[in-house]
Amino acid sequence: AMAARCRLAARFHHVHGTNVRLDASRTRATRVESFANGLCFSQEPLAPGQIFLVEIEEKELGWCGHLRVGLTALDPQSLEVVPEYSLPDLVNMGDTWVFAITRSHNRVTVDGEEEPARARGPPWEPFLLIEQVRIPRDTLVGRSKPGRYSHILDDLYKMNVLPATARRSRIGVLYAPQPDGTADMHIVINGEDMGPSARHLPTTRPLYAVVDVFASTKSVRVIPVEYGFPSLQTLCRLVIQKHIVHRLAIDGLDLPPPLKSFCKHE
């Protein structure tokens, strides 16, 4: 049921900012001019534990600021005018929680509390666990292509620390229900849970994902996330990555070319 719902929701709502252009499948959103009016929403409200994941496809030099993501209890269809900005315009309308993704990470704490410890397992662990939510990790991780400078980049690759705002970085948002009937919002960056970034969200109202294609972020694409067991191909990739020094070593393995390409994420 979760997998079917995820496939349905893995596209953008037809209501969006005036500078946004969606492709025919409504899975890619591009800001065509200026640096603002790039607000997008998920097509459907998210289910508890369902992640809305996007990959940064294009960047635009000359602007300050980066992608913004979050959740809103406002129905996009009910908006008379889509606000120019998620921060502060949409947030000021109420029942909306949005955070800017920074160059390094987006670890947000609640006032008066210390930053919670996050268990970050090895990058070959097949699932990311967020409270009672279990998500296949492999899809969540953005990776650079191997190339001329792979010997420099590969340590970053193995630890899943592609810069948060870089091209190919993957950013997701979800909410996890709590015992008191509310929910915590979590932002996931390249397979790493940033911890609760907002708390006490209402679970009695539908919650839509918010993606603000802002400033230096030019274009993003929705990445479908399959909930269930990893495919045999994915498990093979995880085992291979666990035992190699860096991606270029894959070329020397006795493997079919398509599997080599898949393992290197080309």
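The questions and answers below go through sheets, salt bridges and unusual backbone angles in a predicted model.

Residues are numbered from 1 along each chain as its sequence is written. Because the model is predicted, local features need pLDDT of at least 70 and side-chain atom pairs count only at pLDDT 80 or more, while totals for chains, interfaces and linings use all residues, and side-chain values use heavy atoms, with hydrogens and water left out.

User: In the open sheet of seven strands, what is the strand order?
Analyst: Strands here are DSSP runs of E with at least two residues, and helices are runs of H or I with at least four, both numbered from the N terminus. Two strands pair if DSSP finds at least two bridges between them. The pairing in this sheet is antiparallel, and the order is 1-2-13-4-9-10-11.

User: Which strands stand at the edges of that sheet?
Analyst: An edge strand has a single partner strand, so one side of it is left without a neighbour in the sheet. This applies to strand 1 (20–22) and strand 11 (192–202).

User: In strand 2, what is the bridge partner of Leu22?
Analyst: Strand 1 and strand 2 (residues 28–31) run antiparallel and are joined by three bridges. In strand 2, Leu22 has as its bridge partner Ala29.

User: Which strands stand at the edges of the sheet with the order 3-12-5-6?
Analyst: This open sheet has four strands with antiparallel pairing. Two of its strands each have a single partner strand, so one side of each has no neighbour in the sheet. They are strand 3 (39–41) and strand 6 (96–100).

User: In strand 6, what is the bridge partner of Gly70?
Analyst: Strand 5 (residues 68–72) pairs with strand 6 over five bridges in the antiparallel sense. In strand 6, the partner of Gly70 is Val98.

User: How many salt bridges does the structure hold?
Analyst: A salt bridge is counted when a side-chain nitrogen of Lys or Arg lies within 4 Å of a carboxyl oxygen of Asp or Glu. By that rule, the number of salt bridges in the structure is eight.

User: Is Glu57, which forms a salt bridge with Arg28, buried or exposed?
Analyst: The closest N and O atoms of Arg28 and Glu57 are 3.0 Å apart. The pair links strand 2 and strand 4 (residues 52–59), 29 residues apart in the chain. Buried means under 20% relative accessible area, exposed over 50% and partly exposed in between, with a 1.4 Å probe and protein chains only. Glu57 has a relative accessible area of 18%, so Glu57 is buried.

User: Which residue forms a salt bridge with Glu60?
Analyst: Glu60 lies in the loop between strand 4 and strand 5, and its partner lies in strand 2, 29 residues apart. The partner is buried, with a relative accessible area of 0%. The closest N and O atoms are 2.8 Å apart, and the partner is Arg31.

User: What is the relative accessible area of Ala215?
Analyst: Most residues other than glycine have a negative phi. Ala215 has a positive phi, near 55 degrees, and is found in the loop between strand 12 (208–212) and strand 13 (217–222). Ala215 is buried, and its relative accessible area is 0%.

User: Which residue does a cis peptide bond join to Leu87?
Analyst: Most peptide bonds are trans. In this cis bond, omega is about 5 degrees. The partner of Leu87 is in helix 2 (residues 86–92), and the partner is Pro88.
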